[in-house]
Amino acid sequence: MFCSICGKELQEGETCTCQQGVNAQPAAENVQPAETQTESAQQEAPVSSLPSGSELAEGAKNAAQAVKNNPIVADVLNVIKGAFKDPVKQTVECAKRKDILWVILAVIETLVFSLASMVFVKRLLYFFVSIVASNIGTKVGYGKTSELLEGLGVTSGKLFGVGVGTYLITLVITVILMMLSVLVCKHKAGFSQTANMLTGAFLPSTILLAVSIIVSMLCAPISLLLFFAAYICFIILAYLGMQKLDKFTVSPFKVYTVFAVLFTAVAAFVSLRLSGNMVVEIIDELMSSLNSLSWLF
């Protein structure tokens, strides 16, 4: 018989050497030293998917940078920085804008105004209650005053809500009043342009209100001065901004005076309207406490 591959003559049952080499070679190739197999296993071993502390820090840094690089966020930050550096210039710049930046500014100012109002009211009430208590030789803690207010339904959430409602309603009415004032002066200004100017003018006041939160915790009556300063600051900046809404050639001081009076009346009315019943209940309870302070004990 002959080999079917190479044609070599073979004995009965003999296997040709050419076939043995072919069969043995793959087996030899498949055999790997133990060290090589160990190294392969180590290379193929799964790596832990948990990030390290440095990786987390780097990721947080990149995320913060991405947010900062966002054009909307960058724009808002620049406006806030401008309110710190040069409030007058920033108010004038906002008076030229016709976008919806005022929406973002209104959200920020609403939160700060509401929080400052809530802290101020609670701390001021505590200040008066502590004076009444001290007149009869008794000390009262802030917690007791909070319990009194909560018993009347005057919670922190309710006070905060009154602040939110007061700011938003007053803002809308103020924008309308400003647009009417500009119209009386035979000029014109759109809603977005006017809202941008007014929210820009209120930014420095927002900064003062943020400071008043800390001051209220130390001495509430002093923070009242910051609220008054915030009001005066807004009135002055709003006047300067009004002149840039449609490039006034003559000072609209007389018309603006009427606007300022109406704005003050609207702000007071809205605030009292939203908190009227609550204020009456607090005053009645404090008046009754002059005769009986049993709730302190």
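## Packing of helix 4 against helix 6

In this predicted model, helix 4 contributes Ile 72, Asp 75, Val 76, Val 79 and Ile 80 to a contact with helix 6, where the partners are Leu 101, Ile 104, Leu 105 and Ile 108. Helix 4 spans residues 71-85, and its axis lies 11 Å from that of helix 6 at an angle of about 65°. The crossing of these two helices is right-handed.

## Nonpolar surface patch

Ile 72, Ile 104 and Ile 108, which take part in the contact between helix 4 and helix 6, are also members of a nonpolar patch on the surface. The patch further includes Ile 100, Val 103, Val 107 and Leu 111, and its residues together have about 580 Å² of accessible area. Helix 6, covering residues 101-135, is the main contributor, giving five residues to the patch.

Val 107, a patch member, is located in helix 6. Its relative accessibility is 46%, a value between the 20% and 50% limits, and Val 107 is therefore classed as partly exposed.

## Arg 97 in the loop before helix 6

Arg 97 is placed in the loop that links helix 5 (87-94) to helix 6. Because its relative accessible area is 18%, under the 20% cut-off, Arg 97 counts as buried.

Apart from neighbours within four places in sequence, the contacts of Arg 97 are Asp 75, Val 79, Ser 192, Gln 193 and Asn 196. Of these, Asp 75 and Val 79 belong to helix 4 and also meet residues of helix 6.

## Leu 148 and a long-range pair

Leu 148 lies in helix 7, which comprises residues 142-151. With a relative accessible area of 11%, under the limit of 20%, Leu 148 is therefore buried. Its C-alpha atom is 9.0 Å from that of Ile 282, although 134 residues separate the two along the chain.

## The chain as a whole

The chain contains 11 helices and zero strands. Its order along the sequence is accordingly written α-α-α-α-α-α-α-α-α-α-α.

Of the 297 residues, 35% are buried. Among contacts with a separation of 6 or more, 71% join residues 24 or more positions apart. The exposed area of the chain is about 18000 Å², of which carbon and sulfur atoms supply 65%.

Methods
Residues numbered from 1 in each chain as written. Predicted model: local features only at pLDDT ≥ 70, side-chain atom pairs only at ≥ 80, totals over all residues. Heavy atoms only, no water. Patch = residues over 30% accessible without salt bridge, like charges linked within 9 Å, V, L, I, M, F, W, Y side chains within 5 Å. Areas by Shrake-Rupley, 256 points an atom, 1.4 Å probe, with all protein chains shown as cover. Salt bridge = Lys/Arg side-chain N within 4 Å of Asp/Glu carboxyl O. Helix = DSSP H or I, 4+ residues; strand = E, 2+ residues; numbered from the N terminus. Buried < 20%, exposed > 50% of the residue type's maximum accessible area, 1.4 Å probe, protein only. Contact = heavy atoms within 4.5 Å. Axes fitted to C-alpha atoms, helices over the stretch in contact; angles between N-to-C directions. Left-handed = near helix turned anticlockwise from the far one by under 90°.
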